[in-house]
Amino acid sequence: MEENFIQKSLASGLLVKSNSSVKNCRSFLSVSSRTSLHSSSSTTLAKKFTIQDLDININEAQLEEFRCIMLEAFSKSDINGNGYIELSELREALKTVGIDIPGYQARTIEDEFKKGDKSQDGKLGLDEFESLYSRLKSEKEERTFKTKVKPISGTTEIRNKENDSIVHTVRHSEQLAFSKWINQNLALDSDLGLSTNPINPETKDLYTRCNDGLVLCKLINFSVPKTIDERTINRGKNITIYQQLENLELALRSAEAIGCHVINIRPKDIRDEKEHLILGLLWQIIQIGLFSEINLTHHPGLVMLLKDGETKEDLLKLTKEELLLRWFNYHLARSGYSGREVKNFSSDIKDSVAYSHLLKQICPTNHQPTVTLAPLNENDLNRRAEAMLSEAEKLRARDFVTANDVVTGNQKLNMAFVANLFNTYPALDVPEDVTIQDEDLIEETREEKTYRNWMNSMGVNPYVNYLYTDLQDCLVIFQLYDMIKPGSVEWNRVVKKFVPIKIKFQKLDNCNYAIDIGKKVMNFKLVGIQGSNLLDGDKTFTLALVWQLMRAYTLAMLAKIAGQGHPIVENGIIEWTNNKLKSADKKTFIQNFQDPAISDSRVICDLIDAIKPGSVQYDLLKNENSYEAKMDNARYAVSIARKIGARVFALPEDIVEVKQKLVMTIFATLMIQDYQPQQISLE
């Protein structure tokens with residue numbers, strides 16, 4: 001690293017002959033009595049940059065000058081001469097060595113340093129200053145280098161208007177695949193007219209078609225039916241820009257509710273046709289739809305993929321990609337395939353051999369035309385891939401990839417191709433001698449789905465597929481803690497990479513620390529809950545913690561926006577609700593979040609209309625007391641709430657059944673929207 005550091009400094013002109021710098025530096029080094037840090041740091045620095053240790057072409061004079069300039073810059077910023085730089089002066093110190101960073105970046109660096117500063121003194125030593133300079137200098141040079149690199153074949157690079165060092169890459173293959181998928185699956189929708197006027201996949205038509213929100217809303221409902229009440233969508237050729245932005249707000253908040261990470265996407269970004277953001281959002285929506293039914297409930301035959309000694313819980317631990325790969329290899333093992341195991345959707349499928357065998361294996365016995373291995377007669381990989389896709393066409397499952405996507409190993413599109421194959425012909429018939437018990441069919445509850453979607457919408461990593469297995473190492477929980485209350489997690493205490501022989505104990509340490517933070521820092525009620533309960537995937541205790549996380553995040557956002565000096569709790573939300581309703585001359589009110597009056601959604605619609613007058617079409621609400629009528633009203637209320645910008649994760653069923661916890665979040669998010677119409681986040 002040091003070699004690269006000095007060479008770049010030489011190239012950038014930082015090292016310029018300066019007798020005064022050298023003289024001052026020597027004088028500075030001679031004052032060893034100032035602090036032991038200076039003498040030890042200068043010794044360390046000299047050791048780092050010993051010529052014998054670095055095979056670089058600079059002489060001793062240049063090396064000494066470099067050291068002197070760094071030390072002189074440090075000395076100038078060390079105002080009180082105590083051998084340290086105050087964090088508040090860091091930005092000015094960096095300017096003296098040619099690194100000019102914006103204020104927000106300086107604050108970010110300060111926050112990073114504070115988190116890792118064991119002494120908590122808010123000061124930077126010489127070695128830390130030198131290391132920081134090295135990193136920032138390298139990043140600056142790397143950005144300069146990137147601007148000179150030609151775009152990858154098949155992509156377009158778009159430079160950020162606010163910061164031209166940020167470059168976004170748009171893959172033409174994704175534009176092609178998503179356009180065709182939308183054309184095919186929404187062709188019969190009369191509002192879109194795709195059957196007579198399809199999206200042109202070869203142009204930027206996709207982004208133009210998405211800019212009024214209609215396509216996005218329809219695609220969300222295709223992936224997760226009934227997410228959006230279509231009565232709330234603004235349609236027609238002559239809808240105003242304001243109505244288009246309303247549609248986009250509805251689409252973004254609904255996408256978030258099904259688990260998409262959209263915190264940094266605004267309606268205006270879609271309206272302005274920002275290609276990389278639109279493609280990213282489309283992929284998330286399409287992916288959720290592709291995988292929505294790849295589970296034990298819809299496909300009990302997935303138990304056939306279990307290996308010796310595994311249980312159904314082990315299947316739930318698999319990521320989407322891992323589950324598809326296991327299905328892929330399960331069928332390869334039963335075909336005439338003799339190649340290596342497929343471990344990815346990029347390099348391992350480029351030659352189309354595994355694909356050809358998979359297609360033949362999953363093809364139903366009496367299917368016409370029958371699928372063959374004819375593609376394997378082609379020696380050219382592109383022609384073989386095209387022939388393989390012709391075989392897939394026989395199964396009407398050619399979507400997402402072109403021959404080039406296969407040969408170049410486009411991981412995202414090849415995974416989508418295989419997921420669509422699974423949904424078309426899973427070929428997982430359970431043998432007669434295998435009995436699947438009802439308890440083997442694990443179905444996610446509404447509450448679990450709501451919490452999982454909320455977590456994923458926050459952008460946690462890894463993606464949460466199943467609460468009770470994916471939270472066992474507590475890494476996602478720590479991320480949520482840090483979002484709710486920045487600085488609450490001492491990350492040096494968290495084990496992020498596990499050693500196989502120690503994994504159980506390392507995960508238990510994480511779980512114990514997570515419970516400790518919950519009790520002592522977050523003030524959660526975790527009576528009787530221990531780290532071992534999370535490690536074991538105990539449903540009751542895991543849900544208790546997760547609910548308090550969601551509640552804390554919602555109330556933290558509310559307190560942040562309201563700007564009050566004390567936390568806002570449930571009683572405060574109820575008081576605000578009734579005052580808001582009264583101020584708008586509404587007759588409805590609530591006593592608590594278990595009030596039966598909530599079940600028909602009228603009080604929610606009244607509150608929405610009080611926040612944004614004219615947003616509710618009351619003639620669409622039903623007066624009957626039946627469950628179906630209440631559900632109809634609840635779907636409308638949830639969609640209207642999202643349309644005005646509220647981050648509602650609760651489901652219509654939660655309103656009709658008056659589920660206290662999730663109903664509270666609806667009123668809280670509406671209160672947030674009243675204080676701050678534009679969606680904000682703690683991030």
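**A buried serine and an enclosed cavity**

Setting aside neighbours within four places in sequence, Ser179 is in contact with Ile199, Pro201 and Leu206. The model is predicted. Ser179 belongs to helix 8, which covers residues 172-185. Its relative accessibility is 0%, so Ser179 counts as buried. The cut-off for buried is under 20% relative accessible area.

Now turn to the enclosed space. How many cavities of 30 Å³ or more are there? The count comes to one. The volume of the largest cavity is about 90 Å³.

Its lining can be read residue by residue. Trp454 takes part, as do Met550, Tyr553, Thr554 and Met557. Arg647, Val648 and Phe649 also line the largest cavity. Thr665, Ile666 and Thr669 complete the list. Two elements give two or more residues each to this lining: helix 25 (539-562) and helix 30 (660-675). Helix 25 supplies the largest share, with four residues.

What is the chemical make-up of the lining of the largest cavity, in nonpolar, polar and charged residues? Seven are nonpolar, three are polar and one is charged. Arg counts as charged, and Arg647 is in the lining.

Where does the largest cavity lie with respect to the domains? Domain 4 (446-560) gives residues to the lining, and domain 5 (569-675) does too, so the largest cavity lies between them.

Methods
Residues are numbered from 1 along each chain as its sequence is written. This is a predicted model: local features need pLDDT of at least 70, side-chain atom pairs count only at pLDDT 80 or more; totals for chains, interfaces and linings use all residues. Side-chain values use heavy atoms; hydrogens and water are left out. Buried means under 20% relative accessible area, exposed over 50%, partly exposed in between (1.4 Å probe, protein chains only). Contact means heavy atoms within 4.5 Å. On a 1 Å grid over the protein atoms alone, a cavity is a set of points where a 1.4 Å probe fits but cannot get out, and a pocket is an open set with protein on both sides within 12 Å along at least five of seven lines; lining residues have an atom within 4 Å of a point. Grid points are joined across faces, edges and corners, and a volume is the space filled by probe spheres set on the points. Domain bounds come from an automatic or database domain assignment.
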